[in-house]
Amino acid sequence: MLRYRQPFFWAASLVILCTASQLLAQTPQPRLNPLSPIGAKRGGTVEITLTGTHISSTTGLLFEGNGISVEGITTPKDRPNTAIAKVKIAPDALPGIRAVRALTKYGASDRQLFYVGQYNEIAEKEPNNTRDKAQEISTLPVTITGRSDSAEDVDWYKFKGQKGQ
């Protein structure tokens, strides 16, 4: 009776070992953080900083819709899990929100958003959290790109306007 159980034991052990080795060999999932900057004006070129998990192996970007192309991607040696993409937006690209994914050696990342605008863009400059430290905007119309680092983050801006505008 013991002789018949031995082959079953070895077969079951082999199945368990094969299954366990497959679980250990899973490919890491790339995770993309929000882009910086999060958008650009159509007809222009912008350098986008990509950060996240397994992002330093980025070989391309996949944008939803037409009119956005990647001219090149570099990976800074001193900043792990970072890539910088030079992106060109066609003059006739439709303005709006686009989904984007990083294409890496591990596959496509999760989705983030990229905004194609029709106005020049300027970056938020900290500190601008109080009225007396408001960031001055000299040219209108303009799109301001920034980020909220906490729920309490408040940004102030000042600009000149005319009555009736």
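This report covers the core, an aromatic pair, the strand pairing and some backbone features of a predicted model.

## Basis

Residues are numbered from 1 along each chain as its sequence is written, and side-chain values use heavy atoms, with hydrogens and water left out. Because the model is predicted, local features need pLDDT of at least 70 and side-chain atom pairs count only at pLDDT 80 or more, while totals for chains, interfaces and linings use all residues.

## Nonpolar core

The largest nonpolar core has 20 residues. Such a core is a set of buried Ala, Val, Leu, Ile, Met, Phe, Trp, Tyr and Cys residues joined through side-chain atoms within 4.5 Å. Buried means under 20% relative accessible area, exposed means over 50%, and partly exposed lies in between (1.4 Å probe, protein chains only). Leu 50, Leu 61, Val 87, Ile 89 and Phe 114 touch the most other members.

Two or more core residues come from each of β3 (45–53), β4 (58–63), β6 (82–89), β7 (96–104) and β9 (112–117). The top contributor is β6, with four residues. Element names follow DSSP runs: helices are H or I of at least four residues, strands are E of at least two, and numbering starts from the N terminus.

## The aromatic pair

A search of the whole structure finds one aromatic pair. Its members are Phe 63 and Phe 114. Their ring centres are 5.5 Å apart and the planes meet at 70°, which makes the pair edge-to-face. Rings of Phe, Tyr and Trp (its six-membered ring) pair if their centres lie within 6.5 Å; planes under 30 degrees apart count as stacked, over 60 as edge-to-face and the rest as tilted.

Phe 63 sits in strand β4 and Phe 114 in strand β9, so the pair ties together parts that are 51 residues apart in sequence. Both rings belong to buried residues: Phe 63 has 10% relative accessibility, and Phe 114 has a relative accessible area of 0%.

## Strand pairing around β7

Strand β7 pairs with β4, with β9 and with β8. Two strands pair if DSSP finds at least two bridges between them. β4 and β7 run antiparallel and are joined by five bridges. Here Leu 61 stands opposite Ala 102. β7 and β9 also run antiparallel, again with five bridges. In that pairing, Ala 99 faces Leu 113.

The β7 to β8 (residues 107–108) pairing is antiparallel over two bridges. Leu 103 stands opposite Ala 108 in β8. A hairpin links β7 to β8 through two residues.

## Backbone features

Most residues other than glycine have a negative phi, and most peptide bonds are trans. Two peptide bonds that depart from this are listed here. Glu 126 and Pro 127 are joined by a cis bond, with omega about -5°. Pro 127 lies in the loop between β10 (121–123) and β11 (135–136). The bond from Leu 140 to Pro 141 is cis too, with omega near -5°. Pro 141 is in the loop between β11 and β12 (143–145).

Positive phi appears at His 54, near 60°, and at Asn 81, near 55°. His 54 is in the loop between β3 and β4. Asn 81 is in the loop between β5 (68–74) and β6. His 54 is partly exposed, at 26% relative accessibility. Asn 81 is also partly exposed, with a relative accessible area of 31%.
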